Amino acid sequence: MTTRITLRRPDDWHLHLRDGAMLQTVLSYSAAQFGRAIVMPNLKTPVTTTALARAYRERIVAALPPGADFVPLMTVYLCDGTSADDLCRGFEDGVLTAAKLYPAGATTHSEHGVTSIAKVAPVLETMQAIGMPLLLHGESTDPAVDVFDREAVFIESTLRPLLRDFPALKVVLEHITTEEAADFVRADASGRLAATITPQHLMFNRNAIFTGGIRPHLYCLPVLKRERHRLALRRVATSGDARFFLGTDSAPHLRTLKETGCGCAGIFNAPVALQSYCTAFEEEGALDKLEAFASLNGPRFYGLAPNEASVTLERSSWEVPQDVELAAGGALHPFLGGSRLPWALRDAPVPEPVAA
Ligand code: DOR
Ligand code: ZN
């Protein structure tokens, strides 16, 4: 039985770090696990320009624990009025790595998002020309569409025509949750389409949200789906296929804002991300594929070198804490809080509240 596994240091290709006191608390957990992360731009005031992304990057770097080996890769939030010139300059200056498209109204802080692809066509033309990846929150916002069908509908109504109209645009379908998405990405032979997969979508199906009562800490968007979808995601994640890679979608919200009459979507999985992926890969008998998924496929898609440093996971059962306290007050309930994981990350202590 494998008792230890060493990988090139992985990267997180989809992460919400927030700002201020929340950033200060959550950043150390991602920095302990990952060498780089694609940082989502959906702050309360979204990161809509290169200047805002540069300033946000500075705040992230200033919040890093001493000695951290972590590089934030910045994204810009597309709006109907986004300037193609600003995006182009930001990308060419190395401030921006990608642009994120939230269909307006699809999820947390997406109200300034894009109302139709036509509105951002000139921006997408520019991105296609300069090789800047488009990161998609792939859900239909048509209120008539069932919440469990929104990803599958988005693929046919928006993604398929988008790929046809922008035949060289690099696209990441973020946090895929369905067999339809897995199959769609696998069917693309162009090499310019990829997908990220979260730990929660590999570990749970939608029954988990309703087991013994309603479980707000398992609510995220896109929402967990049926078992057949979870199994399809496991198959592609563990296949070694370079089009699928790690993106946690760790999305912290205060416990009080999740345990309420209208709870926020988002799962704070940063403290347990790699340990969770490792558990899922072992269950599939695919520990030998974990490094490709976590550390190699993402950099390859983004045209970056894999990290030189390494991390080691050890077989050691540990209990995930129920709470991570914010120095400024309030608490986060981490993914799997209160349960045990069979894999631990060496040199990354069990999460503890960060001192001010
Ligand atoms: O569950 C989610 N939370 N999905 C998203 O798309 C956004 C995220 C957040 O920012 O909280
Ligand atoms: Zn996200």
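This section describes the zinc site, the enclosed spaces, one helix and several backbone features of a predicted model.

In the predicted model, the zinc ion (ligand 2) is coordinated by His14 and His16, each through NE2, and by Asp249 through OD, at 2.0 to 2.1 Å. The donor residues follow the spacing H-x1-H-x232-D in sequence. His14 is buried, with a relative accessible area of 1%, and values of 7% are obtained for His16 and for Asp249, so that each of these two residues also falls under the 20% limit for burial. Asp249 is placed in the loop between β9 (244-246) and α9 (255-258), where its backbone adopts a positive phi of about 55° although the residue is not a glycine.

Two residues of the zinc site recur in the description of internal space. A search of the whole structure finds 2 cavities of 30 Å³ or more. The largest cavity holds about 120 Å³ of space, and 17 residues line it, with His16, Thr107, Thr108, Leu221 and Asp249 the closest to its centre. The lining of the largest cavity comprises 5 nonpolar, 9 polar and 3 charged residues. In the second largest cavity the space amounts to about 40 Å³, and its lining is formed by His217, His253, Lys258, Gly266, Ile267, Phe268, His333, Pro334 and Phe335, which divide by class into 4 nonpolar, 4 polar and 1 charged. Among the open spaces, the second largest pocket contains about 360 Å³; 17 residues line this pocket, and Arg18, Met22, Lys44, His109 and Pro252 are those that lie nearest its centre. The lining of the second largest pocket is made up of 9 nonpolar, 5 polar and 3 charged residues.

Helix α11 (residues 290-302) has 13 residues, and at 1.5 Å a residue it should span 18 Å, a value that agrees with the 18 Å between its end C-alpha atoms. The helix nevertheless bends by about 45° at Leu296, with a proline, Pro299, following within four residues. Because 10 of the 13 residues of α11 are buried, the helix is largely enclosed by the rest of the structure; the buried residues are Leu290, Ala292, Phe293, Ala294, Ser295, Asn297, Gly298, Pro299, Phe301 and Tyr302. Just after α11, Gly303 takes a positive phi of about 75°. Ser295 of this helix can also be related to a distant part of the sequence, since its C-alpha atom is separated by 9.3 Å from that of Gly35, 260 residues apart along the chain. Gly35 itself occupies the loop between α1 (20-33) and β3 (36-39) and is buried, with a relative accessible area of 3%.

Further backbone features are found in loops. Most residues other than glycine have a negative phi, and most peptide bonds are trans. A cis peptide bond, with omega about -5°, joins Leu221 and Pro222, and Pro222 is found in the loop between α7 (199-203) and α8 (227-237). Leu221 is also among the residues closest to the centre of the largest cavity. Leu336, a residue other than glycine, has a positive phi near 65°; this leucine lies in the loop between β12 (331-332) and β13 (340-345) and is buried, with a relative accessible area of 14%.

Note on methods:
Residues are numbered from 1 along each chain as its sequence is written. Chains are lettered from A and ligands numbered from 1 in the order in which they are written. This is a predicted model: local features need pLDDT of at least 70, side-chain atom pairs count only at pLDDT 80 or more; totals for chains, interfaces and linings use all residues. Side-chain values use heavy atoms; hydrogens and water are left out. Donors are N, O and S atoms within 2.8 Å of the metal (3.2 Å for Na, K and Ca); water is not among the atoms, so sites may look incomplete. Buried means under 20% relative accessible area, exposed over 50%, partly exposed in between (1.4 Å probe, protein chains only). Helices (H or I, at least four residues) and strands (E, at least two) are DSSP runs, numbered from the N terminus. The expected span of a helix is 1.5 Å times one less than its number of residues. The bend at a residue is the angle between axes fitted to the seven residues ending there and the seven starting there. On a 1 Å grid over the protein atoms alone, a cavity is a set of points where a 1.4 Å probe fits but cannot get out, and a pocket is an open set with protein on both sides within 12 Å along at least five of seven lines; lining residues have an atom within 4 Å of a point. Grid points are joined across faces, edges and corners, and a volume is the space filled by probe spheres set on the points. Ala, Val, Leu, Ile, Met, Phe, Trp, Tyr, Cys and Pro count as nonpolar, Asp, Glu, Lys and Arg as charged, and the others, Gly among them, as polar.
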